[in-house]
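Trainee: I would like a close look at one part of this model. Could you pick a strand and walk me through its surroundings, then show me some helix contacts for context?

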Amino acid sequence: MGRRWGLVLSGGGARGAFQVGVLERLLQDPEFGTGPVVASGTSAGGINAALLASGKSPQEMRQFWRDIAADPPVVVDPTFFEEAIKAVADLAAEDSLDVFGGGPAVRRFIQRAQNHVPPRVGSFLALVTEYLLTSRFDLVGRFLGGVRRSALADTTRLRQRLIDTFGGETIHERAMHLAINTVDVRTGRIVRYVTAATPLTREPDYHIVKAITVDMVLASASIPLLFPPVAVENHLLWDGGLLVNTPLAPVVALGAEEIVTVLVTQTPGVASARPLRSLGDAVERTVDALLENAYNVDRKLLFTRNRLAKLEGGYRAVRLYKALRPETEICGPGSYLDFRRVMLEKLATAGRRAADAWLAAGPPEDDLPEPNELDAVSDVG
């Protein structure tokens, strides 16, 4: 009997191309070449998991990402900007007397202006921003309420691209189970779609369906504010990366005995007081921190579950391998949304390198802390 391993693919936008490079090497290895018994993914990882489960080879998956680079199927919605312009015009008309006609508003504006003397090139925009944030935040709220579109882009073409790729609106699984992970916009709860019922795939977190659909995959990749949420049955769904970016639980629930996790965040560095290099660096570190925290929470839960399996029985201990990750050099500012072909090729190449090193190392099993160490980690986490 071969390995019963599960594959976990995290979200991460364009960095999903890294996962394809990993799979190119991993599925050539004698130990892992039979493929996973279950693939669980979120966002870009959800798309890759669906591609793999539908029988696409790593080469075909790579072509999918190349096609994305050649013709990005996401269209920025002009209505979003039309409504934004209208909202600004309406606010200017309604509040012109208060903002520009004198009285307390002018006094507050002058008071804030003293913070920008002597003036610099960016002082006026800085002053207006400061004034809105400190004295007239109600205008910001009214502006946001005036823009009726909830997202910047229209994903109609992306949905059609997925339909063309899968040959219809349904994903037909080949020799493995598939788990797609999303978040309900209204309730904030995790919604996982799986096609197999087990004692661990219980409601409300799991939804057993006859087949995974394109809309479920699209919902898992619908980044809030950038892409609109997707209606699936009685749920309005968003990107699963909000809460469950590294969905380990479904692979355990669906019978995997070993877990291979492919992340797109760089290996965490050592603590340092070195200043951030740029706004792009700040954005990247913010996103990485959120995704890393999600993974560490999932790891701790798995470690706790394995402890219970040893102490009480009734649970199946599951081996977790150290996650595969891209090198720091490949993870520059903006790389989450850099869909240029040259960048996607670099990420795929980095994935092949990472898989080669990972396989050569054993592959390395993740360290399972002793109970007292786990408690210490939980206390500070």
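Mentor: We start with one strand, then turn to two helix pairs and a loop glycine. Keep in mind that this is a predicted model.

Take strand E12, residues 258-262. It is mostly covered, with 5 of its 5 residues buried. Now look at its two sides. Glu258, Val260 and Val262 sit on one side, and Ile259 and Thr261 on the other. Both faces are covered. Why do the residues split this way? In a regular strand the side chains alternate between the two faces of the sheet.

Next, the partners of E12. Strand E1, residues 5-9, pairs with E12 in the parallel sense. That pairing has 5 bridges. Within it, valine 8 stands opposite threonine 261. Strand E13, residues 319-320, also runs parallel to E12, and 2 bridges join them. Here isoleucine 259 stands opposite leucine 320.

Now the helices. Begin with H1, residues 16-26, and H12, residues 341-360. Their axes come within 6 Å and cross at roughly 40 degrees. That makes H1 oblique to H12. The crossing is right-handed. From H1, the contact includes Ala17, Phe18, Gly21 and Val22. From H12, it includes Leu344, Leu347, Ala348 and Gly351. The residues of this contact divide into 12 nonpolar, 2 polar and 4 charged.

The second pair is H3, residues 58-70, and H8, residues 156-166. They pack at an angle of about 150 degrees, and their axes are 12 Å apart. H3 and H8 are therefore roughly antiparallel to each other. This crossing is right-handed. Phe64, Asp67 and Ile68 of H3 meet Arg161, Leu162 and Thr165 of H8. By type, the residues of this contact are 3 nonpolar, 1 polar and 2 charged.

Finally, follow the chain on from H8. Glycine 168 lies in the loop between H8 and strand E5, 170-171. Is glycine 168 buried or exposed? Its relative accessibility is 19%, so glycine 168 counts as buried; the cut-off for buried is under 20%. What does glycine 168 touch, leaving aside its neighbours within four places in sequence? It is in contact with Ile163 and Val214. Valine 214 is 46 residues away along the chain. Even so, the C-alpha atoms of glycine 168 and valine 214 are separated by 8.1 Å.

Note on methods:
Residues numbered from 1 in each chain as written. Predicted model: local features only at pLDDT ≥ 70, side-chain atom pairs only at ≥ 80, totals over all residues. Heavy atoms only, no water. Buried < 20%, exposed > 50% of the residue type's maximum accessible area, 1.4 Å probe, protein only. Helix = DSSP H or I, 4+ residues; strand = E, 2+ residues; numbered from the N terminus. Pairing = 2+ DSSP bridges. Axes fitted to C-alpha atoms, helices over the stretch in contact; angles between N-to-C directions. Parallel < 35°, antiparallel > 145°, perpendicular 65-115°, else oblique. Left-handed = near helix turned anticlockwise from the far one by under 90°. Contact = heavy atoms within 4.5 Å. Nonpolar A, V, L, I, M, F, W, Y, C, P; charged D, E, K, R; others polar.
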